Amino acid sequence: MEFTRVARSGQVSEGIVRRFFAGEHEFAVARLNGKAYATSNYCTHLDCLLSSGKLVDDGIGCSCHGSVFDLETGEPVCPPATVAIKTYPVEERDGEIFVGIDPDDTSSVPRRRAARGCMK
């Protein structure tokens, strides 16, 4: 696993979720209760951007249909989604956020981008 810098710590304020890229990989990066989290950026229900959603007490909420996912495990805690999103280890050091990426993992590559053949 390689930790890749995705953002400055100050770019992800408390209670905020934002979209970041690291090469071909796309993440929803959030800060809740002082801790930074990284997940895949697409809801497993209908592929909506999680970075367009909001953080709630239970986790990250999808703006399209209200699904909520646990930020630690990725498990859905509120329907209509029934399939977990991928979560990634996060390290915050020297004012920057790093996400752990397995070089062979393509699950954080945007599905729409992959479908168009835009992957390297």
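This report describes the fold, one sheet, the cysteines and two side-chain environments of a predicted model.

## Overall composition

The protein contains one helix and 11 strands. In sequence order the pattern is β-β-β-β-β-β-β-β-β-β-β-α, with the helix following the strands.

The protein has 120 residues, and 42% of them count as buried. About 6300 Å² is exposed, of which carbon and sulfur atoms supply 48%. Among contacts with a separation of 6 or more, 43% are between residues 24 or more positions apart.

## The four-stranded sheet

Four strands form an open sheet in the order β5-β6-β7-β8, and their pairing is antiparallel. The edges are taken by β5 and β8 (76-78); each has a single partner strand, so one side of each lacks a neighbour in the sheet.

Within this sheet, β6 and β7 are joined by two bridges in the antiparallel sense. On the β7 side, V68 is the bridge partner of G61.

## Cysteines

The model has one disulfide. The disulfide is between C48 and C64, with an S to S distance of 2.0 Å. The torsion about the S-S bond is about -105°, so this disulfide is left-handed. Its two ends come from distant parts of the chain, 16 residues apart: C48 lies in the loop between β4 (35-40) and β5 (54-56), while C64 lies in the loop between β6 (59-61) and β7 (68-69).

The two partners fall into separate accessibility classes. C48 has 13% relative accessibility and counts as buried because the cut-off is under 20%. C64, at 37%, counts as partly exposed. C43 takes part in no disulfide; the nearest cysteine sulfur belongs to C62 and is 3.9 Å away. That distance is outside the disulfide criterion because the sulfur atoms would have to be within 2.5 Å. C43 is buried, with a relative accessible area of 1%. For C78 the relative accessible area is 31%, and this cysteine is partly exposed.

## The surroundings of N41

N41 is located in the loop between β4 and β5. Its relative accessibility is 1%, so N41 counts as buried. The side chain of N41 makes a polar contact of 2.8 Å with the side chain of E26.

Apart from neighbours within four places in sequence, the residues in contact with N41 are R19, E26, F27, A28, C48, L49, L50 and S51. This list therefore includes C48, which is one end of the disulfide, and F27, which belongs to the aromatic pair described next.

## The aromatic pair

One aromatic pair is found in the model. F27 and Y88 are its members, with an edge-to-face arrangement: the ring centres are 5.0 Å apart and the angle between the planes is 85°. The pair connects distant parts of the chain, since F27 is in strand β3 (residues 25-32) and Y88 is in strand β9 (residues 87-88), 61 residues apart.

Both rings belong to buried residues. F27 has 0% relative accessibility and counts as buried. Y88 is likewise buried, with a relative accessible area of 8%.

Methods
Residues numbered from 1 in each chain as written. Predicted model: local features only at pLDDT ≥ 70, side-chain atom pairs only at ≥ 80, totals over all residues. Heavy atoms only, no water. Buried < 20%, exposed > 50% of the residue type's maximum accessible area, 1.4 Å probe, protein only. Contact = heavy atoms within 4.5 Å. Areas by Shrake-Rupley, 256 points an atom, 1.4 Å probe, with all protein chains shown as cover. Pairing = 2+ DSSP bridges. Polar contact = N/O pair within 3.5 Å; in protein donor to acceptor, adjacent residues only side chain to side chain. Phe/Tyr/Trp six-rings, centres within 6.5 Å; stacked < 30°, edge-to-face > 60°.
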